[in-house]
Amino acid sequence: MLQNNHVPDDVFECRTRHPRERRRDVDDGERMTSASPIGPSAVDPLLHIEQHGTPHVLRDRLASDVRRGLTARPKRLPPKYFYDDRGSELFDAICDLPEYYLTRTEHALLRRVAPAIIAAVEPSHLIELGSGASRKTRVLLDALQRSQPRPVYVPIDVSGGMLQQSATALRAAYPRLRVYGLVADFEEGLPPLPVGRRRLVAYLGSSIGNFEPPADQRLLRAIASRLQPGDALLLGVDLVKATATLEAAYDDAAGLTAEFNRNILRVINRELGADFDPDRFEHVAFYNAEAAQVEMHLRAREAHAVSIPALDLVVSFEAGETIHTECSRKFTRDVVETLLASSGFRLERWDESPDAAFALALGRVETAA
Ligand SMILES: C[S@@+](CC[C@H](N)C(=O)[O-])C[C@H]1O[C@@H](n2cnc3c(N)ncnc32)[C@H](O)[C@@H]1O
């Protein structure tokens, strides 16, 4: 085991606990995290993964979110609970589907503009929210490592297994890259961000679209409050387009998105001992043009009841009743510019894919007057 002094002190704003303490949190047999090792890597001094929140805290949060969501009318569940190891793998597979234009379009756009973005920001640190498999990130990292002798990458994701896997793969692919992963739920408070000469925060995949106003502004303000003037935010946003294209992207012919949607029920079964039968729920995805968002729901095929022993709760479903599991808002340049401005960022660059399907917005933290 490496000693703590192998972790450069300049990387995190605050280091509150010794890695051995963190390891105890995740080795106590709970299921809310994957079995991946957390802390400094035993074999790689440039890899460090830190867990924010103990398994007990995470499960208590899940329990209260599920109680609140399934006793509300209409019923709803927060989309962050899709992403256990299986959910993360399903999402990664969705990214390769022909209908899911978002990933390949953003990827191609990044290939075109990443060198200019890295040249404009000159970051020493790339921090990524909801990093997932960090696939598209490689385009930014390629440009970063060309301009930085000791680049630092900080993936932040609630899905510990996927973060561990992608961080390890990136270390193998980029020998000079220091990787400091944070397993954290940033909806519950953004963890301390690393200090650095210049930081670029990337939030890709149009994941900001999962936050309805004013939660989107709350998150971006929290990011801005952790940054310094001159630091920047790169936001990937899916743009308003034809309903058929949008609906196909969230209801693919192979049924992967349907499985991904139902996975939230499997997570509740495993973590809270519930007896959801996912097959009794139909995947529903449609574009709500008035709200400019694709909504995903799970619709009960028949009337039935589900028991959730950990909550001492029985939830009744009428035939056709839905659980709203995700909204994916679709954007215009004006909406993004206003959101950035109200959160402390000035829109510095706006790059669209040639088909105007997807955009990358670069926001800069305003220099103090
Ligand atoms: C739609 S995927 C996008 C993945 C990747 N950034 C991309 O563009 O393909 C959303 C990612 O955000 C993570 N995530 C969702 N809610 C989160 C939260 N509240 N805190 C931290 N990570 C979250 C998920 O685990 C998942 O990896």
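Start at the hairpin of β14 and β15 by selecting R346: its bridge partner in β15 is R364. Strands here, like helices, are DSSP runs numbered from the N terminus, with at least two residues (E) for a strand and at least four (H or I) for a helix. Extend the selection to β14 (residues 345-352) and β15 (residues 358-365), which pair in the antiparallel sense over seven bridges. Two strands count as paired if DSSP finds at least two bridges between them. Five residues lie between these strands, and in this hairpin A356 takes a positive phi near 55°.

The model is a predicted one, in which local features need pLDDT of at least 70 and side-chain atom pairs count only at pLDDT 80 or more, while totals for chains, interfaces and linings use all residues. Residue numbers start from 1 along each chain as its sequence is written.

Next, select residues 304-308 and 313-317. These are β11 and β12, an antiparallel pair with five bridges. I308 has L313 in β12 as its bridge partner. This hairpin has four residues between its strands, and D312 takes a positive phi near 55°.

Now show the open sheet of four strands, ordered β3-β13-β10-β9, with mixed pairing. The edges are β3 (75-76) and β9 (281-288); each has a single partner strand, so one side of each is left without a neighbour in the sheet. β3 runs parallel to β13 (residues 322-329), and two bridges join them. To see one of the pairings, select K75, whose bridge partner in β13 is I323. Add helix α9 (residues 256-272), which lies across β9, β10 (293-300) and β13 and runs at about 115° to β9. That angle is between N-to-C directions, on a scale from 0 to 180 degrees, with axes fitted as lines to C-alpha atoms, for helices over the stretch in contact. Contact between two residues means that their C-beta atoms, placed from the backbone, lie within 7 Å.

Move to the largest nonpolar core, which has 92 residues; L140 and L234 have the most contacts inside it. Such a core is a set of buried Ala, Val, Leu, Ile, Met, Phe, Trp, Tyr and Cys residues joined through C-beta atoms within 7 Å. Helix α4 (residues 101-121) gives the most to this core, seven residues. At least three core residues come from each of domain 1 (22-51 + 96-239 + 331-365) and domain 2 (57-82 + 243-329), with bounds taken from an automatic or database domain assignment. Select L140 and its contacts: L110, A114, I118, L126 and A202, not counting residues up to four places away in sequence.

Two single residues follow. G205 is in the loop between β7 (199-203) and α7 (215-226). Is G205 buried or exposed? G205 is buried, because 24 other C-beta atoms lie within 10 Å; the cut-off for buried is 20 or more, exposed is 12 or fewer, and partly exposed is in between, with C-beta atoms placed from the backbone. Beyond its neighbours within four places in sequence, G205 is in contact with L102, E106, G130 and G236. C95 is 110 residues from G205 in sequence, yet their C-alpha atoms are 9.7 Å apart.

Then select A215, in helix α7. A215 is exposed, with 12 other C-beta atoms within 10 Å. E187 and A215 are 28 residues apart in sequence and 8.8 Å apart, C-alpha to C-alpha.

Finally, show the whole protein chain. It has 10 helices and 15 strands, and 43% of its 369 residues count as buried.
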